[in-house]
Amino acid sequence: MAGECRDAIPPSQLGDHSYFAYLQVADVDALYESVRAAGTKICKTIRDEPWQMREFGLVTADGHRMMFGAPRPTV
């Protein structure tokens, strides 16, 4: 669980809200494939972003959104 606020609206009922966390990982493509294969709800498919990150977003079981990314190699 990412956290509990007993008097707050559950994250799964908030709809479009800010991401709870951004984690930088070594192999974002491998992580994406493993969470996708496990049936995890993806809220942002993996892609290269203009800010030189390759990233994707998922929704946790309790409704929080989390982003995972890795720096793209510069050319």
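1. **Salt bridges.** A search of the whole structure turns up five salt bridges, a salt bridge being a side-chain nitrogen of Lys or Arg within 4 Å of a carboxyl oxygen of Asp or Glu. As background, side chains of opposite charge can pair when their charged atoms come close. Before you go further, please keep in mind that this is a predicted model, in which local features need pLDDT of at least 70 and side-chain atom pairs count only at pLDDT 80 or more, while totals for chains, interfaces and linings use all residues. Residues are numbered from 1 along each chain as its sequence is written, and side-chain values use heavy atoms, with hydrogens and water left out.

2. **Lys-44 and its two partners.** Lys-44 is a good residue to click on. Glu-49 forms a salt bridge with Lys-44, with the closest N and O atoms 2.6 Å apart. Glu-55 also meets Lys-44 in a salt bridge, at 2.8 Å from N to O. Because Glu-55 lies in strand E3 and Lys-44 in strand E2, this pair ties together parts that are 11 residues apart in sequence. Helices (H or I, at least four residues) and strands (E, at least two) are DSSP runs, numbered from the N terminus.

3. **Are these charged residues buried or exposed?** Both Glu-55 and Lys-44 are buried. Here buried means under 20% relative accessible area, exposed means over 50%, and partly exposed is in between (1.4 Å probe, protein chains only). Lys-44 counts as buried because its relative accessibility is 10%. Glu-49 is buried as well, with a relative accessible area of 9%.

4. **The other salt bridges to look at.** Asp-29, Asp-48 and Arg-54 are linked in a network of salt bridges. Asp-48 also stands opposite Arg-54 in E3. On the helix, Glu-33 forms a salt bridge with Arg-36, and the closest N and O atoms are 2.7 Å apart. These two are three residues apart in helix H1, so about one helical turn separates Glu-33 from Arg-36. Glu-33 counts as partly exposed at 38% relative accessibility, and Arg-36 counts as partly exposed at 42%.

5. **The E2–E3 hairpin.** Strand E2 (residues 41–48) and strand E3 (residues 53–59) pair in the antiparallel sense over five bridges; two strands pair if DSSP finds at least two bridges between them. Lys-44 comes up again here, since its bridge partner in E3 is Gly-57. Four residues sit between the strands of this hairpin.

6. **Which residue in the hairpin takes a positive phi?** Please have a look at Gln-52, found in the loop between E2 and E3. Its phi is near 65°, a positive value in a residue other than glycine. At 35% relative accessibility, Gln-52 counts as partly exposed.

7. **The sheet.** Strands of a sheet pair through backbone hydrogen bonds, either parallel or antiparallel. In this model, four strands form an open sheet in the order E1-E4-E3-E2, with mixed pairing. Strand E1 (21–24) and E2 stand at the edges, each with a single partner strand, so one side of each has no neighbour in the sheet. On average, neighbouring strands of this sheet are turned by 15° against each other, direction ignored.

8. **The helix on the sheet.** Helix H1 (residues 28–37) lies across E2, E3 and strand E4 (65–71), and runs at about 20° to E3. Axes are lines fitted to C-alpha atoms, for helices over the stretch in contact, and angles run from 0 to 180 degrees between N-to-C directions. Contact means heavy atoms within 4.5 Å. The buried residues of H1 are Val-28, Tyr-32 and Val-35. Seen down the axis of H1, they fall within an arc of 75°, so they line one face of the helix; the arc is that of the directions from the helix axis to the C-beta atoms. These buried residues pack against E2, E3 and E4. After H1 comes Gly-39, whose phi is positive, near 85°.

9. **The whole chain.** To step back, the protein has one helix and four strands, and along the sequence they follow the pattern β-α-β-β-β. Of its 75 residues, 33% count as buried. Among contacts between residues at least 6 apart in sequence, 45% join residues at least 24 apart.
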